[in-house]
Structures are given as C-alpha cells and as structure tokens.
Amino acid sequence: MGTQAPNDQDSVPNKVDTRTAEEKAIDDWLPITSSRNAKWWYSAFHNVTAMVGAGVLGLPYAMAELGWGPGVTVLVISWIVTLYTLWQMVEMHEMVPGKRFDRYHELGQHAFGKKLGLYIVVPQQLIVEVGVNIVYMVTGGKSLQKFHNLVCKDCKSIKLTYFIMIYASVHFVLSHLPNFNSISGVSLAAAVMSLSYSTIAWAASVDKGVVKDVDYSYKATTTAGKVFNFFSALGDVAFAYAGHNVVLEIQATIPLHPRSLPKGLFDDNILITLEKPTWLIAMANLFVVIHVIGSYQIYAMPVFDMIETVLVKKLKFKPTRTLRFISRNVYVALTMFIGMTFPFFGGLLSFFGGFAFAPTTYFLPCIMWLAIYKPRKFSLSWFANWICIVLGLLLMILSPIGGLRQIILQAKAL
C-alpha cells in the first residue's frame, strides 16, 4: 500500500525534479508530502500529542498488576528501549544523502527491499494507527460520559455508545483538514491538555493517598489470573510508550535540516476511578477529550495518506475533495463502529500495546538498523539492538494473550 519514493525534490536544493506534472500534483495533494513549511516546534507538539497519550491513564492499573518492583523495572526498561529506538528512527530519516524517508514504510523498503519492506511495515503500522484510533474513540466517549456524570449527577444515565458517537462527530469535521500543518493548532491544544490531565491524574492520586479498608494486593486471586494480568499490564506499558509510528511522517513536514526533530485500585483508566475534587476531575476528563481529539488526527493522518495514495496512484482516482470526503468519512465511521462494538479501554490498550506497538516501537527500528548499518558482530550496538529485539518479541507474544483475555472477561460482564 502507498508505495512512493521519498519526495526529495521538495527539500534538497539544486536537485533536478524528475517527476511529471501529474506526479508532482499528486504529491502536493497527499497529506504527508503536501507541505514542507512546518516549524520545528510544530514537530515538537505533534510528537508530544502522539507520545504523551491516553496510554498513561492505564499505567496505575498496570502497576497494580505488575507490582512495585517489576512495575518500576518494566517502566525503566521501556523508557530506555523506546528512547533508543526513537533516536534510531531520527537518525535513519536522512541517513542517505539527498534522500528523505518520509514514511515508515519507505524506510522499511530501503532496509528490506521494495516489496518485502511494504509487507513487513505497512500491516504493522496500520494495526497501530487504526488500533490507536479505535482506543481513542473509546477513551473520548468514556471521558465525555465521566464528565457528564460528574457535572450532572441528577441527570438520566446515558449509554457509552452515544458518547462515543458524540466524540466521533468532531472527527467527521476535523478529518477533512488536509495535512499535518493544518492540524497544528489542534495538536498544540492536545499537547497542552495531555500534560495537564497527566499532572492532574498523579496529583489527585497522591492527594487521595492510601484508602482505608481497601485491599491493594493483586486483583486476581489465582496464579493463572495473576500471570495473565501481568501479561496484560505489559501491553498497557507498551501502549504508553508510543509515537514511533508517526515520527517520520511528522518529520517529513519540516524543511530539510540536520537534527531537526530532536529540537522539538484502580480502574483501567485512572481518571474514571477518581471522583474528588469533582470540578478538577471533571476538568481533567474534558482535557482528555480534547487531547484524544488531536491525537486521533495525528495517528489518522498517515492512514489517510496510505488510503489516498492507493486510491489515486493504484486505482487511478482523481485527487479531488469528493474522494477525500468519502474516504475519510468512511474511515472515521469504521473506527467509531468498532469502538462502539468493543468499548473496553483496558483490554484494547493491552492487546494493541503488545500486538502492534511492540514490533513498530521496540524492535522493528532495531532490525532496520542492523540491516542498514550492519554494526560489527558482538559490538555494543549489535548487542543493544539484539537485546531490544528479544525483549520486543517477548512483549509482542505475551501481552496480547493477557489483553485478549481481559476483553473476553469485560465482554462477559456487560
């Protein structure tokens, strides 16, 4: 899907543009390559919006299932591994003189070959981005429902399904903004909101303190339950350390410049658990809604780019507003429908965290680094990458098992 050579002509001075007028028009229409005029700080808050996501709301629940010792260890290891792989992604963006790998799959094609690179990267990236959008449909709906319940305690109860539809209605409008630059204002607001509600979540939890007559031991009572919950919690952590899937697409929006990107008892959702102070928790849930609106758009834009590339380049549709209107509305409607069908924040978080985020965040960058740079065998770089690959594979195998079990249990409880 979406095969396209890096659009170097827009960014490299004194290079002859070999594209036809039609090819240039298509590149100027597609979301990722339509603009190279973004400032580095646009990239900064796009990345904050993508990385400081709603996954952080599931970390307290994950810690409760992991335990303090293993939980802190997993968080620290995840931070080190994902920081390292993010650095690799940034380095590989402009690793070939005169070229820019503007899309994750373009880097994969350079590492593994034109066809194999697509087959390896595109399915995984799509699972991540579509999965995040589904999770954010559920998150936005749940946070709207929580806000409603807090500010209007005497009102009639409204089903979560309707709140998901209300949240989705915003995206039927915002999804028609053409590219990353056009959503920069939304992304800035989302970045501020993500930092705000994260601060409120931990501050309110500290203020609440230890509650009397509450059992803080593992939620499961059987050994099997504890093991499966542990696996599920690993997926929650993986989901919280996200952003790699859109980092190249975000960096593609700024002019070519070296090092441009670096400048820039719980419920499974902690803000659903907390109740007091009412005004603060209500505000925090509203912040979550605003954030996941922006974050949904950040993760949806590469999907829109893939869909529109296939429609225009493969199926030969004309690049029109009507085509964009129909394709993007269908996508929003699809994620809304799936979110309404499976409204399980925690289960979806852990399942997609392991099944999708582990490959693209924890070990696929390492495999590409080994394939492209070919570090000396048994060198520090070689060891570091293989350790990340092994840890990522274990995460990909184990956490979806726990996440799927959690979805089944939550579905039975409805």
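In which helix is L234 found? This residue makes a good doorway into the predicted model shown above, and its address is helix α9, which covers residues 223–240. L234 has a relative accessible area of 12%, and because buried means under 20%, L234 counts as buried. Which residues does L234 touch, once those up to four places away in sequence are set aside? They are L66, V74, L395 and S399. There is also a meeting of distant parts of the chain here: L234 and A62 are 172 residues apart along the chain, yet their C-alpha atoms are separated by 7.3 Å.

Let us follow A62 to its own surroundings. A62 is one of the buried residues of helix α3, together with L59, Y61, M63, E65 and L66. That makes 6 buried residues out of the 8 in this helix, so α3 is mostly covered. Straight after α3 comes G67, whose phi is positive, at about 90°.

The neighbour to look at next is α4. Helix α3 spans residues 59–66 and helix α4 spans residues 68–93; their axes come within 7 Å and cross at roughly 130°. The two helices are therefore oblique to each other. The crossing of α3 past α4 is right-handed. On the α3 side, the contact is made by L59, M63 and L66, while α4 supplies W68, P70, G71, V72, V74 and L75. Sorted by class, the residues of this contact are 8 nonpolar, 1 polar and no charged. Two names here are already familiar, since L66 and V74 are among the residues that L234 touches.

A little further along the chain is another pair of helices. Helix α5 (residues 104–112) and α6 have axes that come within 7 Å, crossing at roughly 145°. As α5 passes α6, the crossing is right-handed. From α5, the residues Y104, H105, G108, Q109 and F112 take part, and they meet K114, L116, G117, L118, I120, V121, V122 and Q125 of α6. How do these contact residues divide by class? The contact of α5 with α6 has 7 nonpolar, 5 polar and 1 charged residues.

Now for the interior. The largest nonpolar core has 42 residues, and the members that touch the most others are V132, Y136, M137, Y167 and Y296. Two or more residues are given to this core by each of α6 (114–151), α7, α8 (184–208), α13, α14 (321–341) and α15 (345–373). Which of these elements gives the largest share? That is α13, with 15 residues. As general background, nonpolar side chains in soluble globular proteins tend to be buried together.

Y167 is a helpful guide to this region. Leaving out residues up to four places away in sequence, Y167 touches Y136, M137, G140, G141, L144, V289, V292, I293 and Y296. Apart from this core lies another one, of 20 residues, with Y241, C366, I389 and L395 among them. L395 is one of the residues touched by L234, where our tour began.

Y167 also takes us to the pairing of α7 and α13. Helix α7 covers residues 160–174 and helix α13 covers residues 278–314; they pack at an angle of about 40°, and their axes are 11 Å apart. These two helices are therefore oblique to each other, and their crossing is right-handed. Y167, V170, H171 and L174 of α7 make the contact with V289, V292, I293, Y296 and Q297 of α13. By class, 7 of these residues are nonpolar, 2 are polar and none is charged.

Finally, two lysines in loops deserve a look. Most residues other than glycine have a negative phi. K316, although not a glycine, has a positive phi of about 65°. Its place is the loop between α13 and α14, and K316 counts as exposed because its relative accessibility is 66%. K374 is likewise not a glycine and has a positive phi, of about 50°. Where does K374 sit? Its place is the loop between α15 and α16 (380–413). With a relative accessibility of 62%, K374 also counts as exposed.

Key:
Residues numbered from 1 in each chain as written. Predicted model: local features only at pLDDT ≥ 70, side-chain atom pairs only at ≥ 80, totals over all residues. Heavy atoms only, no water. Axes fitted to C-alpha atoms, helices over the stretch in contact; angles between N-to-C directions. Helix = DSSP H or I, 4+ residues; strand = E, 2+ residues; numbered from the N terminus. Parallel < 35°, antiparallel > 145°, perpendicular 65-115°, else oblique. Left-handed = near helix turned anticlockwise from the far one by under 90°. Contact = heavy atoms within 4.5 Å. Nonpolar A, V, L, I, M, F, W, Y, C, P; charged D, E, K, R; others polar. Core = buried A, V, L, I, M, F, W, Y, C linked by side-chain atoms within 4.5 Å. Buried < 20%, exposed > 50% of the residue type's maximum accessible area, 1.4 Å probe, protein only.
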